[in-house]
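I sat down today to look a few things up in this structure, and I kept notes as I went. Here they are, in the order I took them.

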Amino acid sequence: MFNLFKKQNDSRKIAEKAFKTKDPFKAVELYSDSIKFEKEKDRPDNNFLSELYLLRGEIYLKQGVATLSSSDFLQAIEFNPKNGIAHNDLGFWFTISHFNTPDYDKALEHIEKAVEYCPERLDFKMNRAIIKINKGEKDIGRKELEQLII
């Protein structure tokens with residue numbers, strides 16, 4: 001007999017529900033459950049865990065929860081060091097003055113990795129150019145932006 005009240009522990013189905021929900025608090029709860037269940041597996045999928053942390057981190061970032069967003073981006077990178085989107089998001093995080101004093105060197109370090117791992121992403125290249133301009137490397141940043149337009 002089926003137990004209709006048994007908590008579902010299929011991490012991928014839970015993640016799919018999280019992705020579809022419009023409620024950020026519910027999405028965070030579902031992503032957290034999905035992470036928990038995936039980690040409990042005998043052979044957890046590190047790339048999937050990286051994506052889960054990335055998605056939850058993006059929700060935290062949109063909600064202005066600085067510490068949790070950066071922590072999740074770091075976890076995403078730990079589970080998949082070549083997750084270019086997580087590097088881009090963490091690089092962006094280091095530029096937000098609302099959270100902390102911008103650290104353009106750390107931001108650039110992560111954006112460079114994002115561009116390396118996702119060279120087709122022009123938005124990552126644009127982010128790199130803007131960070132260079134904000135860092136004081138105005139001529140280099142402008143040249144990079146001009147190359148994107150051509």
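**Notebook: pocket, core and a buried helix**

I started with the pocket lining, whose residues split into seven nonpolar, two polar and two charged. A reminder to myself: this is a predicted model.

**Entry 1, the largest pocket.** I looked up its volume and got about 200 Å³. Then I listed the lining: Ala18, Phe19, Thr21, Pro24, Ala27, Tyr31, Leu55, Glu58, Ile59, Lys62 and Gln63. Which helices supply at least two residues each? I found H1 (11-20), H2 (24-40) and H3 (46-63). H3 gives the most, with five residues.

**Entry 2, Thr21.** I picked one lining residue for a closer look, and threonine 21 turned up in the loop between H1 and H2. Is threonine 21 buried or partly exposed? Its relative accessible area is 25%, so I wrote down partly exposed; the cut-off for buried is under 20%. A polar atom of its side chain lies 3.3 Å from the backbone nitrogen of aspartate 23. Leaving aside neighbours within four places in sequence, threonine 21 is in contact with Lys26 and Ala27. I also checked leucine 55, another lining residue. Threonine 21 and leucine 55 are 34 residues apart along the chain, and their C-alpha atoms are separated by 13 Å.

**Entry 3, helix H5.** Next I moved to residues 84-93, which form H5. Eight of the 10 residues in H5 are buried, so the helix is largely enclosed by the rest of the structure. The buried ones are Gly84, Ala86, His87, Asn88, Asp89, Leu90, Gly91 and Trp93. What do they pack against? I noted H3, H4 (66-79), H6 (104-117) and H7 (122-135). At the N-terminal end of H5 I found a cap, asparagine 83, with a side-chain oxygen 3.2 Å from the backbone nitrogen of isoleucine 85.

**Entry 4, the nonpolar core.** My textbook point for the day is that nonpolar side chains tend to be buried together in soluble globular proteins. Here the largest nonpolar core has 35 residues. Those with the most contacts inside it are Tyr31, Leu52, Leu61, Leu90, Trp93 and Phe99. Two or more residues come from each of H1, H2, H3, H4, H5, H6 and H7. H3 gives the most to this core, with eight residues. I recognised Tyr31 from the pocket lining, and Leu90 and Trp93 from the buried part of H5. For tryptophan 93 I looked up the contacts beyond four places in sequence: Leu61, Ala66, Ser69, Ser70, Phe99 and Asn100.

**Entry 5, Leu54 and Ser71.** Leucine 54 is in H3, and at 2% relative accessibility it counts as buried. Which residues does leucine 54 touch, neighbours within four places left aside? I got Phe73, Ala76, Asn83, Ile85, Ala86 and Asp89. Asn83 is the capping residue from Entry 3. Leucine 54 and histidine 87 are 33 residues apart in sequence, with their C-alpha atoms 9.7 Å apart in space.

Last came serine 71, which sits in H4. At 35% relative accessibility, serine 71 counts as partly exposed. From serine 71 to leucine 90 I noted 19 residues in sequence and 9.2 Å in space, C-alpha to C-alpha.

Definitions and conventions:
Residues numbered from 1 in each chain as written. Predicted model: local features only at pLDDT ≥ 70, side-chain atom pairs only at ≥ 80, totals over all residues. Heavy atoms only, no water. 1 Å grid on protein atoms, 1.4 Å probe; cavity = no way out; pocket = protein on both sides within 12 Å on 5 of 7 lines; lining within 4 Å. Points joined across faces, edges and corners; volume = space filled by probe spheres on them. Helix = DSSP H or I, 4+ residues; strand = E, 2+ residues; numbered from the N terminus. Nonpolar A, V, L, I, M, F, W, Y, C, P; charged D, E, K, R; others polar. Buried < 20%, exposed > 50% of the residue type's maximum accessible area, 1.4 Å probe, protein only. Contact = heavy atoms within 4.5 Å. Polar contact = N/O pair within 3.5 Å; in protein donor to acceptor, adjacent residues only side chain to side chain. Core = buried A, V, L, I, M, F, W, Y, C linked by side-chain atoms within 4.5 Å.
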